[in-house]
Each structure stands twice: as C-alpha cells, then as structure tokens.
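Visitor: I would like a close look at a single part of this model, taken slowly enough for someone in a first year of study. Please choose one strand and show me how it fits into its surroundings.

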Amino acid sequence: MSSGSPLLADLIEALRCLPGVGGKSAQRMAFHLLERERERGLKLAAAMEQAMRRIGNCTRCRNFSEEPVCALCAGTGRDRHVLCVVESPTDLAAIEQATGYRGQYFVLLGRLSPLDGLGPDELGLAQLAERLGEGEIEEMIIATNPTVEGEATAHYLAQLARAGGVKPTRLAHGVPLGGELEFVDRGTLAHAFGSRQSLE
Amino acid sequence: MRIEQQPAYVLHARPYRETSLLLECLTRDHGRLGVVARGVRRERARLQRAQLEPFQPLAIDLMLRGELATLLGAEPAGLPLRLPGDAGLAGLYLNELVVRLTGRQDPHPPLYEAYAQTLPQLCMPAGLGWTLRRFERDLLDALGYGLQLSFDADSGESLDEDGDYLYRAEHGPVRCAPGTARALRGGDLLAFAQDRKPSAAGLAALRGMMREVIRFHLGGGELRAWRVLAGAVSRR
Ligand SMILES: [Zn+2]
C-alpha cells in the first residue's frame, strides 16, 4: 500500500479471503470500516475471532456447532424418523429455507471423490452407519448434488441405508421451474426424460 | 499452441481462483492436460459447467501455453453417458487410475481408445470386475508397463495351464508351490493374455495381482477409490 500503513495493507490482504472480494473491493471495505464504522468493525473482529475459534462440528450431524451436539440434533421438535444427508452446511441451510422439512440431518462435508482424497472415512460414513443402526430412522433422504460424484455418493449411501434396514430416497431432479426445454442442458433433459412420472 | 476439436474426457474438476475450474482432461492426441475453464463457476454458466462433468465424450478447443491449457470451447461429441450405481463408482476409479499413473502432456492414443471403450462397458452386465481388469491391463500396456503373461520369468518355460504362479511386477509370473497365498493358475493368466474371461476364482486372483502391479507403479501408494469400491461391494 502506498499509504505507508502496514496494518492497513494487512487488513486489505486479509479481506481478500472472502468469496468474490478482489483487491479493489478489499480496499474499499477497509477504508469504509476505518472511516465510518470503527465501532462495528471491532464487533466484526470480535465475532470473527469467537466464531473461528469456537465453532466446530456437531458430533451427531457434523453441521457447524459450538456445542458437542447442535441445537437441531438435541432438540425434541424434529422428526427423529427421517434423516436427510447433504454434502455441505450450505445445502442444509438451503433445504431449511426452501422446504418445510422437519426431520434430522447428516452433513458429509464433501462427496466421494477419490482424486480429492475424499473416501468413506473422510465423509464420516462409519458414523452415519452407526446412526442408522440405532433403529430410530426409517427413511434416509439422499440430497447430494446431481453431479457425477454426487450421484456416485448417493448410490453408496443407498447401499448403506439398505444394509441398515432403512429406506433410501433421492431428491428428484429435472427441468428447472420456469425453464424451457430448448434451453435445458442435454444431461438434465436426458435425466428428466428417464425419470418421468405417470400422471394417472 | 491452439488445439481444435480435440476428442477428450474430463477426469476431474476442482475450483480454481474465484470463478474458474481446473480440469484434468484426457485428450486423444495430447495425453492428460490441465485445463483452466474460466468463469464456469458463475451462476449463469451453469449449462457450460454441466457439460464439463466426467464421462461425457467432448470435442474441446484449447490454447496450450506452458503447463496449463485454457479452455476456449467444449461441445458434446456423443450422447451423454450415464453411469448409474456401481458403474459410477467404477468410473471414478478409472479416473483416479488414469490421473495417478499418467503425466501431463504425455500422449498415449491407445490409452484414450481403451478409456473411451471401457466407459460404456461399465454399465453392461458382463461383470464390472472383468471390465476393470481389461482396462488395467490395456492401460499398463499403453503406458509401456505391459504385463508379461506367456512364460515363467525365472525358468523361461511356457506357462503351464495347471501350474500355480505368483506375479512379480516388472518381472512376470514365477512358479510357486500349490496352495501359496495369492497364487494364480497358469490357465487364468493365459486367458487374461488372450482376452478370455477367466473363472470367478481366477478373476479374484487377477484383481489381487493387478493391485500389486499398480501399487508398484504408484511407488507403493494406494488408490483412494479402492476403499470406495471395497465399501460398496462388501455390502452385497
Ligand atoms: Zn447436529
């Protein structure tokens, strides 16, 4: 930085770790905080410090949690007979916001991807099998992404569920709402065509 | 160097910089290439990204400069291939095997052919194990690590159909006492060489032999996909 403040340069560099933030936006953010939002900047720093240090993963569902067992797993308000398996905490949040789902979750924190070093151990599948073995869960909703790796993971999970006497189900995928067939990619269209449903 | 309409498959994709993907592609004429696909992680590039999933035959346009190439265009070169169930897991194994055993920019056209022919076979009822063993054999052949499956590497004698052998990487089959652990029948080795499907017991022994050979060429490493396949198969 030409300002001659090494701390400012550090702050700008640090802000660049945020998604979508390049050098220019990082500089704008840093100036904004220093010029107008010192108070809230300090709050941000404190919240950041606490969150980075204290948030871990729930031992039951692997979602972010600062307690050993997260509020969703510990609470009594959710259906204990349905378990939804997602790749990431972001996916969990998306399902919570878009659907009326009231069951439990399990977060893989990835998908089966040998070339990324992600196998059954990294995804906590032994832990998942154990949970299925507890006997409470009747249906396991597999909500991994409709990618090659997500589908392979879904297949693996379905076998795990069947071995544990649990019924596996898979999110349907097909033509997006409001989309026109002409503009849908071939893979999606082929898949939607293959899994068409009876209208009877 | 500009490369146009090159037959290729995406083997793997990882996020690269803000909005891009770094693809590992198997191309017909240039071997495995690291290819940067710019901007395909943006929301409006969803269609482009869907096209860059593994197992799809593509024709790609590239600019190759130094270590990495830049993707200029990609279009489907055939119907999208779906590998459901175990075929998908086996496909991920194929991709790991190719990435781990080949170097970038080291062309092996026969490997490309073997890969392209094996993918659709993964879905066929002929038996996944046999399809994978054939691919491993052809991959090693294409890379210049071909197996020696015709004579005893110690004595130089032709393989005995009913004899028991152990296979030593970079050496070949050597006679062993009947009942030795991981021993292979001479008949099964000959069948493998002649592309005839061996007995079920023979196939199981060949699987162990191929793992040893692959491990040797990996410098002692393991493939992550072995654990995935083991987990999937053990629950039958
Ligand atoms: Zn939890």
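Guide: In this predicted model, strand E3 of chain A, residues 82-86, pairs in the parallel sense with strand E5, residues 139-142 of the same chain, and four bridges hold that pairing. To find one place along this pairing, look for A:Val82, which stands opposite A:Glu139 in E5(A). E3(A) also runs parallel to strand E4, residues 104-107 of chain A, and here too the two strands are joined by four bridges. On this side you can start from A:Leu83, whose bridge partner in E4(A) is A:Gln104.

The path that links E3(A) to E4(A) is worth following with the eye, since E3(A), helix H5 (residues 89-98) of chain A and E4(A) together make a right-handed β-α-β unit.

Now turn to the side chains of the strand. In a regular strand the side chains alternate between the two faces of the sheet. In E3(A), A:Val82, A:Cys84 and A:Val86 point one way, while A:Leu83 and A:Val85 point the other way, and all of these residues are buried. The strand is accordingly described as mostly covered, with five of its five residues buried. A residue is called buried here if 20 or more other C-beta atoms lie within 10 Å of its own. For chain A as a whole, 28% of the 200 residues count as buried.

It helps to step back and place the strand within its chain. The secondary structure of chain A comes to eight helices and six strands, and along the sequence these follow the pattern α-α-α-β-β-α-β-α-β-α-β-α-β-α. The radius of gyration of chain A is 22 Å, well over the 16 Å that the globule rule gives for 200 residues, so the chain is more spread out than a compact globule. Taken along the principal axes, the C-alpha atoms of chain A fill a box of roughly 70 × 45 × 35 Å. Among the contacts in chain A with a separation of 6 or more, 44% are between residues 24 or more positions apart.

Finally, chain A touches chain B, in a contact that takes 22 residues from chain A and 27 residues from chain B. On the side of chain A, the elements that give two or more residues are helix H7 (148-163) and helix H8 (186-194), and H7(A) supplies the largest share, eight residues. Sorted by class, this side of chain A has nine nonpolar, eight polar and five charged residues.

How values were computed
Residues are numbered from 1 along each chain as its sequence is written. Chains are lettered from A and ligands numbered from 1 in the order in which they are written. This is a predicted model: local features need pLDDT of at least 70, side-chain atom pairs count only at pLDDT 80 or more; totals for chains, interfaces and linings use all residues. Two residues are in contact if their C-beta atoms, placed from the backbone, lie within 7 Å. Ala, Val, Leu, Ile, Met, Phe, Trp, Tyr, Cys and Pro count as nonpolar, Asp, Glu, Lys and Arg as charged, and the others, Gly among them, as polar. A residue is buried if 20 or more other C-beta atoms lie within 10 Å of its own, exposed if 12 or fewer, and partly exposed in between; C-beta atoms are placed from the backbone. Two strands pair if DSSP finds at least two bridges between them. A crossover is right-handed if, with the strands pointing away from the viewer, the path from the first strand over the helix to the second runs clockwise. The radius of gyration is taken over C-alpha atoms; the globule rule is 2.2 Å times the number of residues to the power 0.38.
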